[in-house]
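Welcome! Take a moment to look over the structure below, and then let us walk through it together.

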Amino acid sequence: QVQLVESGGGLVQAGGSLRLSCAASGSIFSFYVMGWYRQAPGKQRELVADITRGGTTRYADSVKGRFTISRDNVKNMVFLQMNSLKPEDTAVYYCAAGPSIAASRSYWGQGTQVTVSS
């Protein structure tokens, strides 16, 4: 059984930083791709960033240069360092994982709230 558990959300002022962590348990074959998505009230869930086991990354244009995704393949963890946060980054952030690029959203965490005040 695959489980993803996020931590690190909270309230921060604009311009501040937060680091999200996600710990995965279960079959390591399920974690080829790990990533972060977010959903703001009234909006669709969107990709923030993801990373393959080999380290290939992709980012949403809105976070390029401000957010950095990384992972620890030994511990099956993925991280999202968020700098220069803006009020529009406010959302519930979800960790996701999957066994392939096409199935990168096979598993979801419960989400963690990030609120950026102006």
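## A pocket and its lining

A pocket here is an open set of grid points with protein on both sides within 12 Å along at least five of seven lines, and its lining residues have an atom within 4 Å of a point. Please keep in mind that this is a predicted model.

Which residues line the largest pocket? They are Arg38, Gln39, Ala40, Lys43, Gln44, Glu46, Pro87, Glu88, Thr90 and Ala91. Sorted by class, four of these lining residues are charged, three are polar and three are nonpolar. The space in the largest pocket comes to about 160 Å³.

## A sheet of four strands

Next, let us turn to a sheet. Four strands make up an open sheet in the order E1-E3-E8-E7, and their pairing is antiparallel. At the edges are strand E1 (3-7) and E7, each of which pairs on one side only. From one strand to the next, the twist averages 15°.

Start at the E1 edge: E1 is joined to E3 by five bridges, in the antiparallel sense. Within this pairing, Glu6 has Cys22 of E3 as its bridge partner.

## The hairpin at the other edge

Now move to the E7 edge. Strand E7 (residues 67-72) and strand E8 (residues 77-82) run antiparallel and are joined by six bridges. One residue to find here is Arg71, which stands opposite Val78 in E8. Together E7 and E8 form a hairpin, with four residues between the two strands. In the turn, Asn76 has a positive phi of about 55°.

What do the two faces of E7 look like, covered or uncovered? Phe67, Ile69 and Arg71 make up the covered face, while Thr68, Ser70 and Asp72 make up the uncovered one. In a regular strand, side chains alternate between the two faces of the sheet.

## One disulfide

How many disulfides does a search of the whole structure find? The search finds one. This disulfide is formed by Cys22 and Cys95, with their sulfur atoms 2.1 Å apart. Because the torsion about the S-S bond of Cys22 and Cys95 is about -80°, the disulfide is left-handed.

Cys22 belongs to strand E3 (residues 18-25) and Cys95 to strand E9 (residues 91-98), so the pair ties together parts that are 73 residues apart in sequence. Are these cysteines buried or exposed? Both Cys22 and Cys95 are buried. Cys22 is also the residue we met earlier, as the bridge partner of Glu6.

Methods. Residues are numbered from 1 along each chain as its sequence is written. This is a predicted model: local features need pLDDT of at least 70, side-chain atom pairs count only at pLDDT 80 or more; totals for chains, interfaces and linings use all residues. Side-chain values use heavy atoms; hydrogens and water are left out. On a 1 Å grid over the protein atoms alone, a cavity is a set of points where a 1.4 Å probe fits but cannot get out, and a pocket is an open set with protein on both sides within 12 Å along at least five of seven lines; lining residues have an atom within 4 Å of a point. Grid points are joined across faces, edges and corners, and a volume is the space filled by probe spheres set on the points. Ala, Val, Leu, Ile, Met, Phe, Trp, Tyr, Cys and Pro count as nonpolar, Asp, Glu, Lys and Arg as charged, and the others, Gly among them, as polar. A disulfide is a pair of cysteine sulfur atoms within 2.5 Å. Buried means under 20% relative accessible area, exposed over 50%, partly exposed in between (1.4 Å probe, protein chains only). Two strands pair if DSSP finds at least two bridges between them. Axes are lines fitted to C-alpha atoms, for helices over the stretch in contact, and angles run from 0 to 180 degrees between N-to-C directions.
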